[in-house]
Structures are given as structure tokens and as C-alpha cells.
Amino acid sequence: MPFALDDAGPLYQQVYRALRSEILAQSLAPGARLPSTRALAAHLGVSRNVAMLAYEQLLGEGYAQARTGSGTIVAPALPEEWPAPRAKTLRLAGSARGAEPRLSRAGARTLAIARGARLGWDIRGPRPAVDFRFGRPAFGDFPHALWCRLLGRRARKASRRDLDYGPPEGRLELREALADRLRRFRGIDTTPERIVVVNGSQQALDLVARVLLDPGDRVLIEEPHYLGARWVFAAAGVELLAAPVDGDGMRVPRRLPGQKPPRLAYVTPSHQFPTGVVLTLGRRLELLDWAARTGAFVVEDDYDSEYRYAGRRLQALAGIDGEGHVIYVGTFSKLMFPALRLGYLVLPESLVAPVVAAKALADTGSPVLEQLTLADFIREGHFERHLNRSRVRIGARRETLLAAIHEYFGDRAEASGAATGLHVLTWIRSRDGRPITSVARTALAAGVGVYSVAAYYLRPPRRSGVLLGYGPLSERQIRDGVARLAAALGGEAGMARTGGQRSGWRKR
Ligand SMILES: Cc1ncc(COP(=O)(O)O)c(C=O)c1O
């Protein structure tokens, strides 16, 4: 059986391809007996393993058949060849060769956002030695082994129903656990029927946009704001109106340009993203009054309020709202880990059916075993224990960060919004009081990742501010990072240690 191997790829694939072309050319006739793997291996000078793997592929694809007692034969009827790809002749309807397909308007908007904004949270770039990337939980604090045990238990005991498509609104076990927790800890008196489980807040926002917004509608967003929300609304083709954020949180402008009232307002009341300001009770009531007057919905994104270090937590807007205007969005990305992709919506009754329908169309429902495991994690008290423990640990990191900022920057830095959450917005200025340019780039060159706040504004401020996420960092890394940052900015900011000088250093 003289045939040549083509030298491309793994050896067994070369042997497989050579045999297959002999079979297709009928040099090896249908029904003919193939040599034993031992004989083939000896003939080709390859290992027997290689010959066996090549035969397995021929058997799997139907070119050969195993016969008890008579080894392997060429299949009497050959499998149909897969057609060669038609890439050269196929044209996408309405497009020139090589050009992009004609997208829907929504598709084109989405692509433009992705291109303009580096959509996604880029985790591929080079890693700085200390990365103050915000929005990440304290991975090391999560009781991973316990979670694996609970997940394993659910997987082992999974019934047929657990392995089937789940309800699009989410499994009742989880919605009950969430309703109970929201009642006890967030002052939201809801029922499981008003909760829809989603794949993180991002999907929650996307579903809300799908069911409530048409192109040309208006949406009020905080200035500055969370980009994940802005992008969803921009992709929906709405007009964005900025509501300025001051020390009391977002303020609905008294007069908005034009006649058409916004369809909805997006807010982060417990820990404004990115400034960290807490929306005061007065402003909460004003916002709800405005919603009642105009008929707008208010989307309350409560992404990290569980980490409150000082003072009392205010009741969620959804708990105060008596009129069904608030759409509450919760997520487990900060409290557990983002790859879990589980979050939930608490909806006004009138929105439950349309949102469940949109969820069903989007993905038919979130993964069931994870939902059931999360329900166990909450009901068995592990979630509260985890939060209490990690609140203490993260609180210590926060103290270290604030102390390091003070020590290395003195009154040239002002930390804002540190009472809650996992990041601090730090305003930095140079010795002569001027803003510093390219803080993030300068820091990166010194091995520190900090994130400029300018990206979160429709109209960036004159001040230089950076977001410092500290959740997953050790206290040592935090000190090292701040020291490096101070040294890197030394030229412009003159960051010598200032010892005990407190003026201008404020914790809010
Ligand atoms: C304001 C805000 N909302 C929500 C999220 C979480 O999004 P998700 O639940 O989709 O992971 C983040 C994450 O950084 C955030 O900053």
C-alpha cells in the first residue's frame, strides 16, 4: 500500500488523510480489508497508537467499519462528502465583496458604540504590577470551596426538571430567597412574582431598554454615569439628557430642553457611579415626585450598596416608591463574582409580562443549576456570613487606601465617595493647583493601573480624577500602588510625603 504522508499537522491526521484519499479514489475498494494497525504502523514507520487514532477517525466518519473477527474494512457505502465551503462565491445580500453587511439601524449603532468605546472590559492588555481596576470584587474573600460543594450537591441531585429549560423569569426557589432578602435588608416589600432573574445588570438594562424605549425617546442619565448603561441606551437610539451630580447625588434639572419628557431616568442612588455620592433622602423623594408627575420610570441600579462602611444605609428607592415607577436592578457580580452572570430585576407589576417575554426571546432563561445553588447559598445563611466577613476585610483595605492617599498626596488629592462600595474616586492636582494631564498613562508607565474619570462624562470636567478600585487588592499592594502613583506623578504633582497634613483631605 504505497502512499505518502503530507507533513501537515499531527501524524495520525496525516495517516488518516492519506488513507481517506485512497478510499475516495477507490484504490482501496469498498468492503476491502484494511491492514491491522500493527502492520500499518510497521509499514509507515509510525507508532501503533498513531495508526489506531487514524483508524478511529475513519471509523467515526464512516469511511471504515469494524468487523468482529475480520478487523477493519473499507465501508461498503461511503459517507457523503461534506460540500466544500462556498466562501468564494457566496455574497452577503446587499453588500459588495469584502464590505460589511447591511446592518439594521440598531445593529449599526451597536457596532459604532463598540468601535468608539472599546466595548467590553478589556482584560487582554498588559497587566500593571498593581491594578486599581474598579468594578471587581474581592475574589480572594469568596468562599470558593463552599460554593463548589453546594454546586456539586445541586448537580448530583439534579432532577429532570432541573436539567430542562427553566422558566424565563427564573426559578421560584431563587426568586423567593431574593424577595425575602430584599424585604429584610433593602426595605423593599416585594413578592417573587415581581422578580425576574437575569444574566447580570447588563442584561437587566438591555431588557428594560427593549420593552420601554423607542429611537428618539429621551433618557435622563447621571453626569457622570456608568458606561454600561449609557451604551445600552445609546444602542436603543435614544437622546441622552444629563442630570448633574453634586454632593447630594443626582438632581433632576428644573427645566429640560424641548417638550418631550424623558421616558426613564437611570440612577445609582446608593453609591453613585463613579463619584460614590449617596443620593440624599430629599433628592430621592424629589426624583420619585418627578417620576409620578411625568409618568417616567426610574431605573435604580443598586450594584454595590452592600458594602457600606460608615453611617446608615438609606432605604432603596424601590422601597419608598408606592406608585410603581421604580425598576430595581440587583447583581451578584460585586458580592460574589462577575463570571456568575446572575442578577435580577424587581419590577412594577405592569412591566413583569413584557420583561419576561423579552427575557424568553433573548435566551429562554438563565442557567438553572447556578440559580438553585445561589438560592441555597442565600437560604442557608452563607451569603450573609460571606458579606459580613468580606465587609470587614474590604473595609480594612479601604482604610489603607485612604491613609495611603493622605500620606502620599496630602492636600493635593481628595477622595470622594469612600463610604460605600469597592472603589474611590480621587481628584488629584499638581502643586500649583492645576489639573494633571494623562494621569492614567503616566501611572501605567510606572506599573500602576488607574482609570480616568473623564470617560464617564458626556462633558468631561477640568479636574483630573481617577477611579481606584481596591476590592481584590491586598493592603500591601494598595500601599505599593499609591506610592508608585505618587512617585510617577512626582514631577508634576510634587508628591513628597506630607506627614499629618489634613487640610483638603476629605472622606465622603
Ligand atoms: C454601576 C454598575 N452597575 C452594574 C455593574 C455590574 O454589572 P453586571 O451585573 O452586568 O456584571 C457595574 C459593574 O462594574 C457597575 O459599575
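**The ligand site, Thr 275 and the nonpolar cores**

Q: How far does a backbone N or O atom of Ser 201 lie from an oxygen atom of the ligand?
A: This is a predicted model, in which local features need pLDDT of at least 70 and side-chain atom pairs count only at pLDDT 80 or more, while totals for chains, interfaces and linings use all residues. Residues are numbered from 1 along each chain as its sequence is written, and side-chain values use heavy atoms, with hydrogens and water left out. Between the backbone atom of Ser 201 and the oxygen atom of the ligand, the distance is 2.7 Å.

Q: Which residue places a polar side-chain atom 2.6 Å from a nitrogen atom of the ligand?
A: Arg 341 has a polar side-chain atom 2.8 Å from a ligand oxygen atom. The partner of the ligand nitrogen atom, at 2.6 Å, is Asp 301.

Q: How much of the ligand's accessible area does the protein cover?
A: Accessible areas come from the Shrake-Rupley method with a 1.4 Å probe. On its own, the ligand has 400 Å² of such area, and the share covered by the protein is 93%.

Q: Which helix gives the largest share of the shell around the ligand?
A: The ligand is surrounded by 13 residues, each with a heavy atom within 4 Å of it. Helices are DSSP runs (H or I) of at least four residues, and strands (E) of at least two, numbered from the N terminus. The largest share of the shell, 3 residues, comes from residues 200-212, helix H8.

Q: Why does Thr 275 count as buried?
A: Thr 275 sits in the loop between strand E8 (264-267) and helix H10 (281-294). Buried means under 20% relative accessible area, exposed over 50%, and partly exposed in between (1.4 Å probe, protein chains only). Thr 275 counts as buried because its relative accessibility is 8%.

Q: To which residue's backbone nitrogen does the side chain of Thr 275 reach?
A: The side chain of Thr 275 also lies 2.6 Å from the side chain of Gln 272. At 3.4 Å, the side chain of Thr 275 reaches the backbone nitrogen of Val 277.

Q: Which helix gives the most to the largest nonpolar core?
A: A nonpolar core is a set of buried Ala, Val, Leu, Ile, Met, Phe, Trp, Tyr and Cys residues joined through side-chain atoms within 4.5 Å. The largest has 78 residues, and Phe 132, Met 250, Phe 332 and Met 336 have the most contacts inside it. With 9 residues, the helix that gives the most to this core is H14.

Conventions. Polar contact = N/O pair within 3.5 Å; in protein donor to acceptor, adjacent residues only side chain to side chain.
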